[in-house]
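Colleague: I have the sequence and the model open side by side, and I would love a guided look at one part of it. Could you pick a strand, walk me through its neighbours, and then show me a helix pair for contrast?

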Amino acid sequence: MGKQIFLNMSDDLGVDGRKAIDALRIKFPRPQGYFKSEQVKEIMLVDFYRDHINGVRNRNYTKTLSKIKSECMKADRVMLSLHGPMRSINYGIIKAPVGSCRADQHVTDQQLADLLLTIFTRSHCYNLSLVMCFGARSSQYALDHQNLDAVDWTDSFAYNLFNRISPRLQVRMTARTGELSFNTLTGIAEVQSEVSVQGTIDNAEIRHEQLFVDSQNWWNTHIAGLMNPPGSAKALFIIALETARLNPDAAAALTRLRLLRRNHGLPARDIQSRELLNYLGSLIRLTEASVRQLDPVKNKYGKLVYRHFHGSGNCVFVKYPVTRCVHPQHLGQSYPVPADYLRKFAHG
């Protein structure tokens, strides 16, 4: 693949997007030769976007727009970067600088579509990558998005964006279902697995459960007093629990906590023993979620491709592990398509 244009809307300073650019330049290195330019070119888009939505149409706006249009038309792929929330399909995020009193800025799919309709030319065919965490994830974010037939693939930020631009532009667009990053050694895109997503969800939900909150409060209130007398069964239990909890390896911590539950050594039919075991149980559930959350990222995973075909309308394909059409479905199910199908229609 040749020239890549990276439209950076990640934050005011472009810090997060630049991490992706550095990784991509490993994958697409600058060709040798004095007059050769970088294969991956960054365009900071935040200020232009704000001028655009605020109606600024001065000479600088016109000059910048002309430059962006020209660069995008010459590119083999245009990458548009902004942050994405897991639990909402209504907006992307331009992050405020760390330490700034300014709040993060939300960007709706309609606002982003209006920007792209201004930047892109109708007669040209574009290959667009939405570099946005959870961009292709549906509003039913807790569903397993590897269970293809259980998900409404028209219910996501990415689909809503594509639906606004697809009838008017010639675009092939891609987006991802999970948290998106780029390997700093290879430049390859990596996506959070569904196991990790479920761990993230469970971790947050457990921490907000009233039983967990009550158990945590009881522990914080009584732990000091239960350490006396030293060497008692309860003191030894607390030491073993804290030693396991502080283990930096979550899997090892979980093993030790489970072993402590089987061999706790606490007095039977004792109220404090019951509360200690309740806290241990809550901590095990939380650590189990943390282990799932640490499931390794994957490449060739969670990638969706969006295309508009005359007569068929918008079509959505899951790329990996086997290319399937998930919208529109046939008899309520996704169906496989030839491996070269998406490559054939990559540029129109």
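Modeller: Happy to; here is a walk from the whole protein to one strand and its partners, and then to a pair of helices.

Please keep in mind that this is a predicted model. To get your bearings, the protein has eleven helices and 13 strands. Its C-alpha atoms fill a box of roughly 80 × 50 × 40 Å along the principal axes. Of its 348 residues, 46% count as buried. Among contacts between residues at least 6 apart in sequence, 67% join residues at least 24 apart.

Now to the strand I would choose, strand 11, which covers residues 313–318. Are its residues buried or exposed? Six of the six are buried, so strand 11 is largely enclosed by the rest of the structure. A residue counts as buried here when its relative accessible area is under 20%.

Which strands pair with strand 11? One partner is strand 10, residues 303–309, which runs antiparallel to strand 11 and is joined to it by six bridges. If you want a place to look in this pairing, find Tyr-306, which stands opposite Val-316 of strand 11. Strands 10 and 11 form a hairpin with three residues between the strands, and in that hairpin Gly-311 takes a positive phi near 95°.

Another partner is strand 12, residues 324–330. Strand 11 pairs with strand 12 in the antiparallel sense too, here over three bridges. In this pairing, Val-318 stands opposite Arg-324 of strand 12. The link from strand 11 to strand 12 is again a hairpin, this one passing through five residues. As you rotate the view, a general point may help: in a regular strand the side chains alternate between the two faces of the sheet.

For the helix pair, go to helix 7, residues 210–226, and helix 8, residues 233–245. Their axes come within 9 Å and cross at roughly 125°, and the two helices are therefore oblique to each other. The crossing of helix 7 past helix 8 is left-handed. On the helix 7 side, the contact is made by Trp-219, Ile-223 and Leu-226. Helix 8 contributes Lys-234, Ala-235, Ile-238, Leu-241 and Glu-242. Sorted by character, the residues of this contact are six nonpolar, no polar and two charged.

Key: Residues numbered from 1 in each chain as written. Predicted model: local features only at pLDDT ≥ 70, side-chain atom pairs only at ≥ 80, totals over all residues. Heavy atoms only, no water. Buried < 20%, exposed > 50% of the residue type's maximum accessible area, 1.4 Å probe, protein only. Helix = DSSP H or I, 4+ residues; strand = E, 2+ residues; numbered from the N terminus. Pairing = 2+ DSSP bridges. Axes fitted to C-alpha atoms, helices over the stretch in contact; angles between N-to-C directions. Parallel < 35°, antiparallel > 145°, perpendicular 65-115°, else oblique. Left-handed = near helix turned anticlockwise from the far one by under 90°. Contact = heavy atoms within 4.5 Å. Nonpolar A, V, L, I, M, F, W, Y, C, P; charged D, E, K, R; others polar.
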